[in-house]
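User: I have a structure here and would like to know how some of its descriptive terms are justified. Please set each value against its definition.

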Amino acid sequence: MNWIQGIQRAINYVEDNITEEIDFEEVAKQAYSSSFHFQRVFGILCGFTLGDYIRMRRLSLAGEELSKGNAKILDIAIKYRYDSAEGFTRAFTRFHGITPTEAKHGGKVKIFTPLSVKLTLSGGSKMDYRIEKRDAFDVVCKRKCVGKPQSANAAPGITALWQECSADGTLGKLIACMPENPVMKGLLGICFESELNSKQFPYGIGVEYDGRKVDDDLEIVTIPKNTYVVFTSKGKMPEAFVETYHRIVTEFFPQSTQYEYAENVEFEVYPSADTSDPNYQCEIWVAVNEKNQ
């Protein structure tokens with residue numbers, strides 16, 4: 001099953017269960033994906049989060065029902081998973097620009113239609129990448145559970161962790177542990193595949209590990225044997241990174257006949273801290289599996 005089919009299956013599942021409690025993990029399973037990966041790809045492709053999509057669809061449907069004039073506001077609020085008429089009224093008014101009462105009496109409501117995923121012809125430009133096959137290796141890192149990013153942009157918790165590690169000297173400690181000639185030449189932002197809930201995942205800042213003794217506040221993690229597709233992001237940060245990741249999701253994987261996302265680990269490789277440089281370059285390492293031919 002390709003990405004387009006998988007995402008459409010997930011959207012169909014949401015639509016079929018729009019008045020029920022929707023488990024994001026179950027939505028992701030419809031696309032044969034992890035919750036973390038599905039939510040990130042969904043945000044990149046759609047421009048809004050899965051949670052926002054569900055909320056807007058429910059409010060759209062609620063507006064349609066109320067505009068018919070017969071339904072009770074409290075009944076509609078409960079049907080579309082709101083705990084109280086007051087909370088429903090606030091959300092409804094923000095979305096539609098009128099109150100539920102006004103909608104019942106002929107006020108104009110907004111429609112947010114279901115998503116339909118279609119394959120469109122795009123691209124036509126080269127996207128350079130290389131394949132790296134690596135045996136298991138160790139990294140030393142500072143790892144923390146952060147809120148899951150809903151797009152290619154870093155989650156606030158990730159930005160805060162980088163700021164913390166810069167301010168308290170952790171980055172210097174990590175650089176001191178780097179081998180003389182690492183394969184990944186720079187500081188690493190590590191997205192670990194998560195078995196946590198749908199709102200958090202473990203993110204680490206680290207380097208390849210040379211075996212020396214490290215402080216107790218740092219963690220040594222073994223990365224399993226993987227094949228990686230490596231992309232170079234060039235330009236002003238973070239815009240260049242976002243654009244590159246968008247192309248990975250919308251061009252490389254949907255069109256690749258050889259590789260599929262492994263949902264194991266991702267690395268961001270930053271060769272320097274001067275991300276304000278308009279010609280800055282960094283790398284994105286994505287673990288992949290070879291497709292069965």
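Analyst: The answers below go through helix packing, aromatic pairs and burial. This is a predicted model, in which local features need pLDDT of at least 70, side-chain atom pairs count only at pLDDT 80 or more, and totals for chains, interfaces and linings use all residues. Residues are numbered from 1 along each chain as its sequence is written, and side-chain values use heavy atoms, leaving out hydrogens and water.

User: Why are α4 and α6 called roughly perpendicular?

Analyst: Helix α4 (residues 50–67) and helix α6 (residues 85–96) pack at an angle of about 90°. Angles under 35 degrees count as roughly parallel, over 145 as roughly antiparallel, 65 to 115 as roughly perpendicular and the rest as oblique. The two helices are therefore roughly perpendicular.

User: What makes the pair of Y53 and F112 edge-to-face?

Analyst: Rings of Phe, Tyr and Trp (its six-membered ring) pair if their centres lie within 6.5 Å; planes under 30 degrees apart count as stacked, over 60 as edge-to-face and the rest as tilted. For Y53 and F112 the centres are 5.8 Å apart, with 65° between the planes.

User: Why is the pair of Y129 and F231 tilted?

Analyst: Their centres are 6.2 Å apart and their planes at 45°, so the pair is tilted.

User: Why does F231 count as buried, and Y129 as partly exposed?

Analyst: Buried means under 20% relative accessible area, exposed over 50%, partly exposed in between (1.4 Å probe, protein chains only). F231 has 1% relative accessibility and is therefore buried, whereas Y129, at 39%, is partly exposed.

Note on methods:
Axes are lines fitted to C-alpha atoms, for helices over the stretch in contact, and angles run from 0 to 180 degrees between N-to-C directions. Helices (H or I, at least four residues) and strands (E, at least two) are DSSP runs, numbered from the N terminus.
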